Amino acid sequence: MDKELIKQHKISEEEYQEIINILGREPNLLELGVISAMWSEHCSYKSSKKYLNGFPTKAPWVIQGPGENAGVIDIGKGMAAVFKVESHNHPSFIEPFAGAATGVGGIMRDVFTMGARVVAGMNSLKFGNIHDEQIGKRQKYLVKGVVSGISHYGNCMGVPTIGGECAFDECFNGNILVNAFALGTCKIEDIFYAKAEGVGNPVIYVGSKTGRDGLGGAVMASDSFSQADKSLRPTVQIGDPFIEKLLMEACLELFKTDYIIGIQDMGAAGLTSSSFEMAGRSGSGMKLYLDKTPMREEGMSPYELMLSESQERMLICAKKGYEKEIIAIFEKWGLDAAIIGEVSDSGNMELFWHDELVGLIPIEPLSQKAPILDRNTQKPKYLDIIKTYNFSLKSSQQDAFIALLKNENASDKAYIYDQFDSSVQTNTIKADGSLGACSIRVKENQCALAMAIECNSRLNYVDPKIGAAMNVASAGRKVACAGAKPLAISDCLNYGNPQNPEVMWQFAQGCEGIKQACKELNTPVVSGNVSLYNETDGISIFPSPTIVCVGVCEDANKILKSYFSKNTQAIYLLGETKANFAGSLISKILDQQVAGVLDAIDFKEERKLWEFLLKANDMQVLDCANSVGIGGIALTLAKMSAKANLGIIANTNFTNDSLIFDESPTRAIVGVKNEDEFIKLAQTFNIKTTKLGKLNDEEFILDDIKISLADLQKNYFKSFKEFLE
């Protein structure tokens with residue numbers, strides 16, 4: 001086969017030789033395309049699989065861990081939560097509206113494919129410098145396009161987008177990050193899996209017709225690119241949320257029957273990945289008659305049909321004899337449905353085109369034995385340089401606070417989350433934008449699910465291992481601050497080019513940090529995604545592992561607010577402040593530095609803080625709670641005050657003026673409504689508490705900072721929108 005053609009499919013010489021060994025001959029173009037998609041980084045995890053082994057994935061409440069479309073946990077009384085976070089980074093940089101929209105659509109299909117109705121969505125967004133004259137214009141366009149795409153798809157689907165986070169840094173100038181999360185609920189007994197078994201059972205295609213959009217998407221997502229490369233636009237899928245809404249309803253109706261063996265979303269690599277994965281998990285073979293595929297364009301080839309990533313499509317393995325009933329359900333909802341194949345016992349994928357065999361590929365080597373690469377790793381040289389940095393406050397607390405409050409990484413993102421419908425389905429309890437964990441009620445068992453999404457890239461740049469562990473701890477802490485017990489996480493591991501040994505070192509360290517944190521905090525990984533090659537023109541992003549933690553509060557009426565109310569008698573800080581400025585927002589703003597040395601997190605203290613918060617909430621002694629994150633105590637208090645429309649008067653009694661901006665982990669600020677009981681409980685848990693102050697009428701006063709509530713709110717709420725104008 002032509003070497004240039006092999007190169008275009010991102011197949012190495014070693015991999016091509018392995019293909020010849022598997023097939024016993026050279027592949028044809030169709031087979032090469034199928035194998036290149038299945039062995040792409042996006043589908044096979046060939047660079048990352050080595051480091052993903054060993055993730056804690058089991059607990060008494062885990063029903064399904066990694067390996068299916070989404071993870072599943074037991075949330076009590078026969079109910080399950082199904083969830084996953086995934087990336088759509090490259091497509092969103094190329095076409096922000098379509099890329100972000102289809103990212104939302106794809107993650108929702110991963111959830112309802114498991115038999116769950118999607119009831120909540122969140123997102124983690126990273127953009128570049130919006131202030132630079134040249135780069136800023138493009139970044140503002142990307143922000144607006146991505147947000148519009150997310151809101152369009154989620155709102156049309158009738159799924160509430162209840163929270164998220166958004167950050168900005170120069171490292172994302174050439175590669176933005178768009179990570180989408182979806183969560184669904186169902187009865188445990190109603191969970192479906194992706195399998196295809198039973199010789200002679202029909203394989204049924206349902207959903208939208210197949211077109212040429214998204215061709216090569218999985219391969220595109222497995223390579224770095226140049227900002228000047230416009231040829232990648234056809235690789236971005238185009239979604240239709242109204243069709244997906246019909247597809248979800250049709251699937252949920254189908255799941256009430258006993259007609260099917262398994263079902264799989266046609267995601268990355270489309271029909272290729274769905275068919276190979278279903279058959280591979282079951283140890284089966286499969287015959288596909290590609291000319292029977294519903295098509296919306298004329299003259300489509302078997303190659304295009306196998307690799308198209310057209311949206312809103314599913315593949316079903318049905319029980320023989322129920323074909324008409326299944327097709328009738330989808331036709332009732334106005335969707336295409338066609339029998340395009342059958343399960344065999346050959347162990348091969350047999351691809352037919354008008355009764356001619358055009359492709360013959362062994363399934364097991366393709367779906368289960370993709371190459372596992374052992375890439376070189378090397379500790380980055382920059383780490384020796386940045387560790388010498390120490391932050392000291394050179395301005396007044398007041399000036400530093402105003403600079404912090406106005407920064408795009410700190411200011412309120414109402415411009416973003418106001419475009420999302422957060423209350424549709426009428427189950428949303430808590431959707432505070434980017435303030436703390438969000439929560440929905442589950443009517444079937446009267447519990448509440450709390451979920452938080454966290455990705456602090458600066459911490460991961462300074463120390464990829466400790467930073468990743470801190471992301472896990474922070475996400476769990478936010479859930480605990482909502483009064484829910486953290487149970488499990490989903491992760492989306494966004495890193496640069498794996499061919500760079502320094503990037504692979506960052507990735508390996510990040511995985512170790514997640515493993516350690518999940519083990520110590522008892523929050524197993526149940527689902528996830530790896531996104532590599534986030535590099536443009538040779539510049540990789542900061543290590544950016546996104547963590548979503550999901551927890552349960554057994555009584556939905558006990559979910560805690562994230563900000564003060566008139567019931568707050570006193571304001572307390574929980575935990576130790578340890579002068580941790582490495583990777584802090586204040587050092588980035590005032591010194592233009594992402595540097596320093598991170599101290600390792602104390603997991604026992606972290607877990608103890610969670611348990612204290614849960615007990616205090618159960619005893620109803622707290623009015624609100626919020627994790628201390630970026631910007632330290634100063635920004636956390638400012639957000640809680642601004643959101644509550646209540647001033648405060650507080651004093652830390654720190655001897656070092658810088659400490660109100662410190663970002664030490666394992667801390668929370670609580671509004672207490674029963675001070676005596678609170679103090680007794682804290683003593684029982686041996687939790688350090690520091691009384692900061694109380695509510696104030698119309699001023700925000702913290703140590704040497706003094707600002708009217710009106711000015712505080714003006715700076716916090718209005719700054720971000722002005723940046724984008």
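## Surroundings of D265

Leaving aside neighbours within four places in sequence, D265 is in contact with N69, G106, R109, D110, T113, S274, R313 and M314. The model described here is predicted. D265 belongs to strand β8, which runs over residues 260-265. Its side chain makes a polar contact of 2.7 Å with the side chain of R109. D265 counts as buried because its relative accessibility is 4%, the cut-off for burial being under 20%.

## D110 and the annotated pair

An unreviewed UniProt entry lists D110 and D265 under "binding site". The two residues span 156 residues in sequence, yet their C-alpha atoms are no more than 6.4 Å apart, so they gather at one spot.

D110 is located in helix α7, residues 96-112. With a relative accessible area of 5%, D110 is buried. Apart from neighbours up to four places away in sequence, D110 is in contact with N69, A70, K84, E86 and D265. N69 is also among the contacts of D265.

## K84 and Y45

A further "binding site" annotation in the unreviewed UniProt entry comprises Y45, K84, D491 and G528. K84 lies in strand β3, which covers residues 79-87. Is K84 buried or exposed? K84 counts as buried, because its relative accessibility is 9%. The side chains of K84 and E86 are joined by a polar contact of 3.3 Å. When residues up to four places away in sequence are not counted, K84 touches N69, A70, I107, D110, A180, F181, A182, S490, S527 and G528.

Y45 is placed in the loop between α4 (41-44) and α5 (49-52). Residues up to four places away in sequence again being left out, Y45 touches S40, L52, G528, N529 and V530. G528 is thus touched by Y45 and is likewise touched by K84.

## The annotated active site

The UniProt annotation "active site", from an unreviewed entry, covers H42 and H88. These residues span 47 residues in sequence, but their C-alpha atoms are no more than 10.9 Å apart, so they gather at one spot.

H42 lies in helix α4, whereas H88 lies in the loop between β3 and α6 (89-94). H88 has a relative accessible area of 14% and is therefore buried. Not counting residues up to four places away in sequence, H88 touches G99, T102, G103, V178 and Q237.

## Helix α2

Helix α2 covers residues 13-23, and its buried residues are E15, Y16, I19 and L23. These residues lie on the same side of α2 because they cover an arc of only 100 degrees around the axis. They pack against α1 (3-8), α3 (29-38) and β13 (356-362).

The face of α2 turned away from the buried side carries the exposed residues E13, E14 and N21. Just after α2, G24 adopts a positive phi of about 75 degrees.

## T636 in helix α23

T636 is situated in helix α23, residues 632-644. Its relative accessibility is 4%, so T636 counts as buried. Residues up to four places away in sequence being excluded, T636 touches N626, S627, V628, G629 and I669.

Conventions. Residues are numbered from 1 along each chain as its sequence is written. This is a predicted model: local features need pLDDT of at least 70, side-chain atom pairs count only at pLDDT 80 or more; totals for chains, interfaces and linings use all residues. Side-chain values use heavy atoms; hydrogens and water are left out. Buried means under 20% relative accessible area, exposed over 50%, partly exposed in between (1.4 Å probe, protein chains only). Helices (H or I, at least four residues) and strands (E, at least two) are DSSP runs, numbered from the N terminus. The arc is that of the directions from the helix axis to the C-beta atoms. Contact means heavy atoms within 4.5 Å. UniProt positions are given in the numbering used here, feature names are shortened, and annotations may be inferred rather than shown by experiment. A polar contact is a pair of N or O atoms within 3.5 Å; within protein, one must be able to donate a hydrogen and the other to accept it, and residues adjacent in sequence count only if both atoms are side-chain atoms.
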